[in-house]
Amino acid sequence: MPVIETNTLVNLQKNIERVRNICILAHVDHGKTTLADSLVASNGIISQRMAGKLRYMDTRQDEQERGITMKSSSISLYYRGGADEAVGEKDYLVNLIDSPGHVDFSSEVSTAVRLCDGAILVVDVVEGVCPQTRACLEQVYKEELKPVLVLNKIDRLIMEMKLKPLDAYFHISQVLEQVNAGLGSVFASDVLAKEDITNKDNYESALEEVDDSNLYFSPAAGNVIFCSAYDGWAFSVSDFAKTYAERLELAQTELEQVLWGDFYYNAKKKCATPGAQEKAKKPMFVQFVLENIWNLYDIIAVRKDKEKLPIIAEKLGITLQARDLRVSDPKAQIKTVLGQWLPIDRTVLEMVVRHVPAPNVISDERASRLLFPRNTAIDAYPSETLMLKEEFKRCNDQSKNIIVFVSKMTPVHISQLPQNKPKRFNESELQARRDEVRRRIEERKQIAEQTELENLTAGVETLNVEETTVAVTTEYTAEAETEPEQTEKADFAFIAFARIFSGTLKPGMRLYNLAPKHDPRNKDQLNLDSPYISEVTISDLYLFMGGELQALDEVPAGNIVGIGGLDQDIVKTATLSSTINCTSFSELNVMATPILRVAIEPVHPQDLTKLAKGLQLLNQADACVQVSIAPTGEHLITTLGEVHVEKCVRDLEENYAKVKVNVSKPIVSFRETIVPEATVDMVNEAIVKTANAKDITKKIITFQTANKLSTLRLIALPLPQAAVDLLEKHISLFKELATKDKGAAVSEKYATLLAQIKFQLTNAFAEFDFKGLSSLEPAQLVERIWSLGPRNCGTNILLNLTDYEHPNFWKSLIQHADTDAGAKITNDIRRDYNSSFVNGFQLATAAGPLCEEPMQGVAFVVLEWSVESCDDLNSKSYGPFSGQVLNASKESCRMGFQAQPQRLVSPMYSCNIVVNAEVLGKMYAVIGRRHGKILSGDLTQGSGNFSVMAVLPVIESFNFAQEIRKQTSGLACPQLMFSHWEIIDIDPFWVPTTEEEITHFGEKADSANRAKVYMDSVRRRKGLYVDEKVVEHAEKQRTLSKKK
Ligand SMILES: Nc1nc2c(ncn2[C@@H]2O[C@H](COP(=O)(O)OP(=O)(O)OP(=O)(O)O)[C@@H](O)[C@H]2O)c(=O)[nH]1
Ligand SMILES: [Mg+2]
């Protein structure tokens, strides 16, 4: 295949109907990059023979070394349709983005998905649906992409698992079912989330009413490909339907419907009949498809029967070169034979072109979702903005309104930029160069002859040699001097990875960069003085070709493009437009939140400024890293996992900061909570409670402000788990509503959602044990919620049971933040100190007493709050009264918390590990040692492997992957993923009290208390007081020196 000229691609960019933007998604190692290789080879960029081995899209050195993709990268491919009538013999441009499958780089997937209209979902048929596959399905659904399913690594069923065609068929059907079940559950949860489930009857009807017939993957619907990316072949059922239509005397379209599924071929009646399994017949897919492929593998790879090869080739209608027949490697031969018979590039690209819509086919819903933020009413936008949606849907390259979305900033070494690369010469320039070189050689020859003659006569050869060496050295040093200066400038340029949604982009254009807070509904913001609008200049445009870039003169709407010159203006994502009436694009759907934090410091303190600069660049280059500075002055990076930390450190050391750095042990966040009194002690003996211990009033805190003019009484109680889960689930919603622009109306949808949450919270409150302190109904209690904390959105509740009437929490979320949310106008003096009280609660919940970590699941029930009205409130001796109220509220919350049994809450990772029976025991041991729990460990059907699902505390997870790999001789390779928060059910302050406990643990309970160890490590890190004795028994210490 000849290399495709850039011109061909550029011309196709203008023909919007012929453009397709797609990404390849899958779980790690399912074969995305291998598949991309085959498609790249179809454009002659790499050779067919090297496809699958080269992994062309993995351009980073560590990607090649580790064999995993770490970033998403794009390439533009040319495809000429042909085989399919719908596609026709036309030229197409396919912009393909390869994405990483490792969970640590999942936000790179989000950046890719946003720019595309379709996705190739790859699933390894042996491993089946894995956690990231589900996450990808969710992304595809949320971004409304048209997916195509590729069932990859079919060759492993033949060569590795040695399955018979019929068993393989059942195995593949199971995998397909799994994928569809995954898609179904994403779909169901979305439908249910939209419905109003406060009405019980709705629950059933919601799912029944929606049409999901087009949702699923099915070979008959033509959106499933069977493939072996490594062996270079792939087919869809229509390929075989075409071949067999004539022989079986059936119409091709009819055959497509029955070739997959429970149909067998009735040779007598010459028709496809359903019920193959019931009648113990061979399904048609086995008879006409799988058996053929199994046969070829048997002849070529198992029996290595070279004589049969030419006969097979003739039957399949392919030509084999003499060289192909001589090759001794059976894998290479498979690739030649099956690759020609069922070419992977043609099958995949054909399906993509047919299935994935062109960029100008954007549904109304998708356009609205991209352009308008979720919680706002669309009607409130000015007509200019609403009109943009129409242009956006048409994807018009002639439009004067330009809309561009930048999903990430890609670092590119400046030597890779086309303007810095040596220019390609055309033929006449080349000829001129050749002449010039020839002339110079002639000249040098003459000079050499001349000098030789002179030297001979003068006899001073040695001197001459010295001179030349000197000359060479000076030249070299001159070069060496200039080089560091260049690197000082900037080694990397950041190229914006973007898609044009409307208009045509040209270098030199000036556009507005619209910050996320830019809102055209707000008239005050619709002028250039708005702080959310800045102007940027487009300096260069590029076409992404894997690791290479090609300069472009203009790019029309609907295409993926690289934009230069925005380094200083954009950090991660941005919306660029020629009009300020455009909205800022909605945020990317993130699949995972970064939780692994490490502190970074330079080995040599003088390099600190370089490190700070490097961190800034890293922040820009990596979509999922968060860079911050701790209050203690440490530089922190928050990442998605260990592999991600390694990548960031490598980038810092080699590219961005160029200094050696020390990386701290990971810093893990904890949470603090309280639990109901234990009924059994640490040795499982029932605790007999004294009347005193049962007395709940002992737990009520009474606190007075310093000037004694305000008194409050409160108690801390553990919230029911259902309520905690509910609040946790909706944290982002509360956050969004709490920080929303003042005056902005909330959309109808959000009001319904809040009503639903209120309803569910009422149900959860039914379990709330108030210890007889309140006789209110759950629904009334929900109304009495004063605030959530910390930051107005956490899982802790401030509950007001006093006679004071607080501003209604629920109404304040929906309405204007400044109005007193429906509360009656009162002259209650406490109203003036309302915010001080709430802020005290916010501060207390943001940093608990155990180790200053946020609280979780605590209800602070205020039983009394009085303020004596008197002129002396702000008297000088005690400071402002509002400050005193804040302090009183904060301190009493902390004391109330301490009056209850306290616990640490640890973040937990979940991991899915597939191992064989031999190493299962070792793996259990590793998990047990790290205080993990096995949730399930089932035998996977047909493979003798166990699929183990486990959870383990994040703090115990360091080097877990490495240890497991070592213990199982590299057979198991777990991926850790954040799963949930779990209470560590050990009192950090526990000391043995009952007789049994003392017998069991000893008086001092020297065996380490895990919760205390965690707590102390956090306290030590934060420089808080740690209650520990360095020397326990000083008098018992003795010197073990020999007595003489
Ligand atoms: N047997 C077999 N191996 C395959 C096939 N496709 C890919 N592989 C192998 O699977 C491994 C992973 O392939 P990659 O293409 O790097 O997988 P990936 O999905 O890009 O992985 P990440 O980018 O890290 O998520 C490589 O060792 C490939 O050689 C296939 O069809 N058959
Ligand atoms: Mg890859």
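These are my notebook entries on a sheet, its helices and some cysteines in a predicted model.

**Ground rules.** I number residues from 1 along each chain as written, letter chains from A and number ligands from 1 in written order. For this predicted model, local features need pLDDT of at least 70, side-chain atom pairs need pLDDT 80 or more, totals for chains, interfaces and linings use all residues, and side-chain values use heavy atoms without hydrogens or water.

**The sheet.** I looked up an open sheet of 4 strands. Its order is 21-22-20-23, with antiparallel pairing. Strands are DSSP runs of E, at least two residues, and helices are runs of H or I, at least four, numbered from the N terminus. Two strands pair if DSSP finds at least two bridges between them. Strand 21 (626-629) and strand 23 (661-663) are the edges, each pairing on one side only. From one strand to the next, the twist averages 30 degrees. Angles run from 0 to 180 degrees between N-to-C directions of lines fitted to C-alpha atoms, for helices over the stretch in contact.

**One pairing.** Strand 20 (residues 596-602) and strand 22 (residues 635-639) run antiparallel, joined by 5 bridges. I found Arg597 bridged to Thr638 in strand 22.

**Helices on the sheet.** Helix 20 (residues 608-621) touches strands 20, 21, 22 and 23, at about 25 degrees to strand 22. Helix 21 (residues 642-656) touches strands 20, 22 and 23, at about 20 degrees to strand 20. Contact means heavy atoms within 4.5 Å.

**Cysteines.** I found 0 disulfides (cysteine sulfur pairs within 2.5 Å). Cys793 is buried at 7% relative accessible area. Cys911 is buried at 1%. Buried means under 20% (1.4 Å probe, protein chains only).

Terms used. Buried means under 20% relative accessible area, exposed over 50%, partly exposed in between (1.4 Å probe, protein chains only).
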